[in-house]
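Got your viewer open? Load the model below and follow along, selection by selection.

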Amino acid sequence: MSEGISKFEQLEIEKPEVKSRLESVGIELDPSKRAASFVQVDQETATASSFLESVEVMSIKDALEKYEWLEDYYWKIVDRNQDDYTREADSKDVNGYFIRSLPGKKVDIPVEACLYLKKAKSRQKVHNIIIAEEGSELNIISGCTSHPGVTSGMHLGISEFYVKKDAKLTFTMIHSWASDVEVRPRSAAVVEENGIFISNYVLMNPVKLVQMYPTAYVEKRGTAIFSSIIVALENSVVDSGTRAILKGEGSSAEIVSRTISKGGTVIARGHIAGEAPEVKGHLECRGLMLSEEGKILAIPELEAKYPNVDLSHEAAIGKIAEEEIFYLQSRGMSKDEAIAAIIRGFLEVDIKGIPEILKKEIDRAISMVEKDLF
Amino acid sequence: MKSKGDVLRVVNLGLKVDGKTVLQNVNLYIKEGETYALFGPNGSGKSSLLSAIIGNPTYRISSGRIIFKGQEVTPLPTDERIKLGMGIAFQTPPRVSGVKLIDVLRFCAKIGNRSEEEIYEFAKKLKLEDLLNRPVNQGFSGGEVKRSELLQLLLLNRDFVMFDEPDSGVDLENISLIGEIIREILQRDTEAEKRKKSGIIITHTGNILKYVDADYGVILYKGRIACVGNPEDILNEISKNGYEGCINRCLREFPNLNNLK
C-alpha cells in the first residue's frame, strides 16, 4: 500500500490543473460519489480500492495472481496476435484494471477507473477485464487523460468485457488527451443471454490519433448499445468504429455516433452482422462539418447471414443549416449563440438506459470543452 | 426625427431574390397600437415583405430603407431587430434539430422579461406542455407549429409583431385559441388609445379576422402596395370581385396610389 500512496502523491492531485484534467474525464476520487476507484499512472497502480462489498476492483496484475480462473478471460475475446499493438501490449509490464460485480448485486453508484499518462513520450500499456456476473448491474466511468504539459505519448489499451446472463453493464469512457498522443484501444465484449451492454465514448479534445474498432458478441436476447460523441479538432485523426455480431436468437444492437470535424478527420465506422433468427440492429451515424478543412467519412455496414433479420442504418453529414440559425436569431439569439445551441443539441445523444449520474458526467465533459468549438 | 407613436416606416422598399424583383417601391407606415391585415394573392410578396422587415439574410434589399422606432434597421442582423422590439411568427418555420422547445422558450422569456412560471402557464394555455422537451418543430403537427410560434412570441413580449398566415392549416377548434392569443399579443382588448403593441397579420382567407380585429387592410399585388383601407371592406371586395376588382375600385377611389397598370 505504501508504494500506492507514493504513486498517488505523484499524481499531484492538489494541483488545480491536474484536478481539472481528472474531472474532465469523470474522475472524482471522492468515496461518497464512487463505488470504487482505480487509478493507474503510466504503468503503476496509484490506487485500487472498493468502497462496497458487491464490487471488486484491483490491478490486473493482482487479479491474475489472486484468481487462477481469470486465465479463462484473459486474451480470450481480443486476439493477442491481432496486430503490432496487441503484441506490444502483451508484455510483462502490462497493467490495467480488473472490475467485477458479484452475482446478483446491483451497484448504482459508478466505479471510476483512470488511466493517466504522466511521463512524456512514454507508451502506456493497459489490459482491462470487466465482468458483470450473472444478474448483476455495474456502472463504470473510465477516464483516460494525460498530465498537463505532456503532449506526446502512446496509449495501448486492451479491454475485455464479460456481461453474464441477465446482467447489465454500463461503461462510459471519456478521453481527454493532448495534441501528440496516439491512442489505440482494442476492445471486445461478450453479452450473454438477456444481458445488456451499454457503452458510451466521448472524445472532445485534441489528439494525434485514436484508432479503435470495439466488437460486441451478442448472445440470445442480449442487447448492445453503443453511443459515441467525437470531435476532431485540427490535426486530430479519429478512426472509430463499432461492431456488433448478433449471434444469438432475438439479440439486438444499436449503434449511434455523433461526430464533428473542426479541421480534423473523423472516420465513423459501424458494422452490424445478423447471424441468428429474429435479430434487430440499427446503425446511426450523424456528422457535422464546422470548417472548410477536415473530413468526415461515415462507413456504415450491415451484414445478414440469416434471412430473418431486421437491420437498418442511417447516415447524414452536413453543415449547420442557415435557416435554423436565422430562426433562432429571430428569437433574439446572436448568430454565435444560435450556432452554439445547435451544436449542443447535436451532441446531446439520448442514451437509453443510462443512469442519470453518468448522463451528467457526459454532459459535463461536453460542456467543459464545447466553448472551443465556437 | 422620431415622431410620437412612430413604430415602423418602410420607405420605397425594393427587394430581389435570386436576381428577381419581389418587392418594388413599398411604403408602409405603422404607428403605435395599430394592427394591419396584409392581403394578396400567392406570390405577391407578402412573406417577402415580412422577411425583409425582420432581416432574413437570404433576402437582399435593393433599394429603400426600413426604419424601426426612429432608427434605421436595414443593416442590422435579425437578433438586433428582435432586441429593438420586433417579433415574428413564421408560416412554416424550420425544424431545429436537437434544440429543445423549452430551451428556446427560456431564451425568449429572458428577452421578454417573463418568469419560468409564465413559460409553463403559457405552454399550458397553448396546449404544448407535452412538447417542451422535443426539438423545436420536430414531429409537431401543423397546428402545434402555429401554437409554438405564438408561445415563443408571448414570451418574447415584443412591441411590433408580425404573423405570417397564423390561421393556415389550423382546425376550427384551435383557431379561436390562436385568435385569442394574437389579440393578447397585440392588446386588441385594450382601449385603442392605450394600446402599445402594433403588428401585421398576413391572412389568405381572412379567417383570423373573425377573431382579431385589424385597424387597416392592405393589399400587396405584384410586389407593390395596391390598396389601403378598412380591412372588412377590402376582404368583402376581394371575395366579391377578386383582387383585381378590389384594386380597380381602390384606384378609382384613391387615384394617387401607385399606378399598377
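How many bridges join strand S4 of chain B to S5(B), and do they run parallel or antiparallel? Select residues 60-68 of chain B, which make up S4, and look across to S5(B): two bridges join them, and the strands run antiparallel. To pin down one of the contacts, label Phe68(B), whose bridge partner in S5(B) is Gln71(B). Keep in mind as you click around that this is a predicted model.

**Chain B: the rest of the sheet**

Now widen the selection to the open sheet of four strands in chain B, ordered S2-S1-S4-S5 with antiparallel pairing. Color S2(B), residues 20-31, and S5(B), residues 71-72: these are the edge strands, and each has a single partner strand, so one side of each lacks a neighbour in the sheet.

**Where chain B meets chain A**

Next, show both chains and pick out the contact residues: 23 from chain B and 18 from chain A. On the chain B side, try selecting helices H2 (78-84), H3 (101-112) and H5 (142-156), each of which supplies at least two residues to the side touching chain A. Which element gives the most to that side? H3(B) does, with five residues. Color this side of chain B by residue class and you'll get 15 nonpolar, five polar and three charged residues.

**Chain A as a whole**

Hide chain B and zoom out on chain A. Its secondary structure comes to seven helices and 20 strands. Along the principal axes, the C-alpha trace spans about 60 × 55 × 40 Å. The radius of gyration is 20 Å, which agrees with the value near 21 Å that a compact globule of 374 residues would have. Color by burial next: 54% of the 374 residues of chain A count as buried. If you like contact maps, draw one here: among contacts between residues at least 6 apart in sequence, 82% join residues at least 24 apart.

**Into S14(A)**

Select residues 223-233 of chain A. Is this strand, S14(A), mostly covered or mostly open? Mostly covered: 11 of its 11 residues are buried. In a regular strand the side chains alternate between the two faces of the sheet. Show side chains and check each face in turn. On one side sit Thr223(A), Ile225(A), Ser227(A), Ile229(A), Val231(A) and Leu233(A), on the other Ala224(A), Phe226(A), Ser228(A), Ile230(A) and Ala232(A), and all of them are buried.

Now bring in the strands that pair with S14(A). Add S11(A), residues 196-203, which pairs with S14(A) in the parallel sense over eight bridges; label Leu203(A) and you'll find it opposite Ile230(A). Then add S16(A), residues 252-262, also paired with S14(A) in the parallel sense, over 11 bridges. Here Ile229(A) has Arg258(A) in S16(A) as its bridge partner.

**Last stop: the two domains of chain A**

Color chain A by its domain assignment: domain 1 is 2-317 and domain 2 is 320-374. Put a distance between their C-alpha centres and it should read 24 Å. Then select the contact residues, 26 in domain 1 and 18 in domain 2. Strands you've already visited turn up again: S11, S14 and S16 of chain A, along with S7 (137-146) and S9 (168-176), each supply at least two residues to the domain 1 side that touches domain 2. By class, that side of domain 1 divides into 15 nonpolar, eight polar and three charged residues.

Conventions
Residues are numbered from 1 along each chain as its sequence is written. Chains are lettered from A and ligands numbered from 1 in the order in which they are written. This is a predicted model: local features need pLDDT of at least 70, side-chain atom pairs count only at pLDDT 80 or more; totals for chains, interfaces and linings use all residues. Two residues are in contact if their C-beta atoms, placed from the backbone, lie within 7 Å. Ala, Val, Leu, Ile, Met, Phe, Trp, Tyr, Cys and Pro count as nonpolar, Asp, Glu, Lys and Arg as charged, and the others, Gly among them, as polar. Two strands pair if DSSP finds at least two bridges between them. The radius of gyration is taken over C-alpha atoms; the globule rule is 2.2 Å times the number of residues to the power 0.38. A residue is buried if 20 or more other C-beta atoms lie within 10 Å of its own, exposed if 12 or fewer, and partly exposed in between; C-beta atoms are placed from the backbone. Domain bounds come from an automatic or database domain assignment.
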